[in-house]
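Thanks for making the time this morning. I would like to walk you through one model, going from a helix to a strand residue and then to the cores.

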Amino acid sequence: MWASRFEWPDPNEATCKATIDAIMQDLASANFNAVFFQIRGQADVLYPSPYEVWSPLIGGSDPGWDPLAYAVAAAHANGIEFHAYINTHPCWQSSSHVPPTNLDHLFYDHCNASDVNARDWLHHNVPDNPVQFSESDYVWMAPGVPAFQAYIRQQILYVVENYDVDGVHFDRIRTPWSGQPSYDPISLARFNDSQSNPDALDFTEWTADQITRNVRDIYAAVMAVKPYVKVSAAVYSNPNTAPTAQHQDALAWAQTGGMDILVPMMYFSGGEGSTWDDRLLLWLAGSAGRHVVAGHITSQGLNSLLEQIALTRTRSAQGNSVFSWSSFDWWSDYVNSVYQNPATLPPMAWKDTPTDAVIWGYVTDAVASPVVDAQIQRSDSAYTGLSTGDGFYSFLLVPPGTYTLTASHPGYGTVVVPGVSVVAGDVVRQDIAFGTVLPPIIAEVTPDPDSVVQDEEYTRHLTLTQGVADSWMLMDGPSGADVDATGYVSGWTPSAGDVGQSFLFTVRASNTVGFDDESWNVLVSATPPCDDFTITDFEGYTNGTRVLFNKPRYSGSTVNDLEDTPDVAEVTDAVDAFSPTKSYLVQWQYLDTDPQRWMRLTTHNASNVPNPTVTLDRPIRVRLRVDAGRFRLAAGVRETATTADIGQDGGSSGTIEWIGAASDVNGAPQGVLVEPMPGEWQTFLFDPLSDPIHGMTGDGTLWTSTGKGVFEHLAFSVVDTVGPFTVYIDDVELLCDLPAFGDLNRDGEVDEADYLLFEPCLQGPETTVSGDCQTADADDDGDVDLADYAAFEQAFSQ
């Protein structure tokens, strides 16, 4: 069972101790065997720490006794394993979004958005935009910052070294719900450097890998101190989406030896054959034999808890945990139906009779200072280790044998350490020391000349092929240009007057033993002409072919909102297409008219035209024919940061933002209202520059480092009809810009043809318009009335 920091601390010592005793006695009397007991929430603690301040939950100052020592003793006195429950990635939390009152809090050193010198660990949702408060009112730390990685390992090791804990249990070991990687300067520089991104991962993968590497280092460090201590984590319930949505690849933690127990927080009802069951099976199949303990919440109700515990046992998982103690009311029910006798602890063969070993150590320079991002190779292994903020590195699951370690860093050269021998169960320390730092050599800039388009900022990230740089300096360049401490050149945006000219840049990298200059030219070109791009018009495909969109029930996000039939998505010529002969037939039916029902018509890895790349500053236009029923419509764009050409497969990894929806109802986006117009084609535009943006798995800001993403889906949300729906789709396009007002047919002119389209839209005030008629709403007040007619007349006369 979990016992959170909001349940047991109290400034009054007697009250606090009584609560701790009650928790342990309740668990023992109901035959539980372990507690996840929270001792660290937001970079403040509930035990005396030489590194972090006391939590305000216990008064904010030293209470004169050690609550953690008392709780461990109380647990053991009652036969309960004690797992120290630690939030890893939050720096602070405040529902009113105010900073800590204690100025010694970590917040003021590394997480203060208002202080440019004290926000180096703070999560950034886009470059140069540190986010002070986000998901759950937390201040989040960036997982790709080596100094933070070393710091959180230090906090965990302090607890393991100084207290008789049976385990450490991590929560919020991830990025915020927004799904955005952190675009802080340190993470961006490391991601763009092959030295700290040795596997050439994309930014989402790299961010998840940074957390995985941190987990592995923590595990190695714990094993070096107390190999019997169990390492666990509360993780998101869906192992398929968490690696991209929260950068939490928990199955990889288990598979690579960095986790003993995974506790997926499956806080919803469901029995055999349900989504709950499917996810449990996914965890068990992917955990590489490490323990899976199903996580529940009391709000599910007793019957659901009992059903899922029985199913967990049927599936041969290793246990259950419920959140949380203060809301649990079924002690006698558990004694009668769950734990009739004291629950035994499942064995851990990899701890009890290990078959492999751990190698760990520190990488330092000639004066014993830590070397960050040294690459360490172990013979007979393809894995590349990286040294983190304090020089720490690790290898887990090392088979018995003798190995050669090779450490390399452009700043220091290469060091080879032969003869590192291990036997099963060993946890071997092998430190590595480099010699003197080498002078810097900047990698050649190619191509030279480089290029930039007018009115776009020129950026270039310089890297070193040798040495490290204590400083970077712009020696020559156009006005406004600069280079930061990581070698990132930015700040200059050429104007139309610069077109055709070449500008010289020279940058110097220096350290104590030398410097290097790199010069290159940048040629300014004019903004290229823009042409509307047709993603697909469904022509050239035979009837029945699936193109661009999968079937309505394909998406796991909404399959449970839909009836089994109809489930149709295919090319057809059964109706007159918008142009010329083919369109796309989609049919589905909602379960009911609950406003949380929606259908995600996704392009994810479709058979034809999968994951089409779009730019994030151009409107998407879609033609629909809706003969009956109404719904709300939005467009989903996945922030993949692809470099693919428009229309090409841009990948399926990244967070999703909705265009055209200002809100959602329990996950169902509330986009534009679509009314039926039998036999007529309607036009819908989704403009990222003017329409509302609302996060599905993202943060409500549509942005990637490349300015590109993927048109991921159309979202159809229920209004008042379950269906069945029959919708035809045609001419899915990426436009250069929105048409001028009055040009309803987008032929570049406002003429009689546009008037014929405008006239049926003229419904008067208080009549909300949709579809094509939205483009006739000049004053954007939701209707088409005489004011809009006057604007149309003016456009017509011109």
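Before the helix, one term: a polar contact here is a pair of N or O atoms within 3.5 Å, where, within protein, one atom must be able to donate a hydrogen and the other to accept it. Please keep in mind that what you see is a predicted model.

With that cut-off in hand, look at the N-terminal end of α6, which is capped by D202, whose side-chain oxygen lies 3.1 Å from the backbone nitrogen of T204. The helix itself covers residues 203-225, and since 23 residues at 1.5 Å a residue should span 33 Å, the 33 Å between its end C-alpha atoms agrees with expectation. Is α6 enclosed or open to the outside? Of its 23 residues, 20 are buried, so α6 is largely enclosed by the rest of the structure.

Let me turn to R40, which belongs to strand β2, residues 34-40. R40 is buried, and its relative accessible area is 1%. Which side chain does R40 meet in a polar contact of 2.6 Å? That partner is E52, and E52 also appears among the residues R40 touches, a list that includes V45, Y85, N87, Y151 and Q155, leaving aside residues up to four places away in sequence.

Finally, the cores. The largest nonpolar core has 106 residues, and F37, F82, F170, W253 and Y334 are those with the most contacts inside it. Apart from that core lies another, of 40 residues, with F538, L601, V626 and F631 among them. Returning to F170, its contacts beyond four places in sequence include I86, I218, V231 and M259.

Notes. Residues are numbered from 1 along each chain as its sequence is written. This is a predicted model: local features need pLDDT of at least 70, side-chain atom pairs count only at pLDDT 80 or more; totals for chains, interfaces and linings use all residues. Side-chain values use heavy atoms; hydrogens and water are left out. Helices (H or I, at least four residues) and strands (E, at least two) are DSSP runs, numbered from the N terminus. The expected span of a helix is 1.5 Å times one less than its number of residues. Buried means under 20% relative accessible area, exposed over 50%, partly exposed in between (1.4 Å probe, protein chains only). Contact means heavy atoms within 4.5 Å. A nonpolar core is a set of buried Ala, Val, Leu, Ile, Met, Phe, Trp, Tyr and Cys residues joined through side-chain atoms within 4.5 Å.
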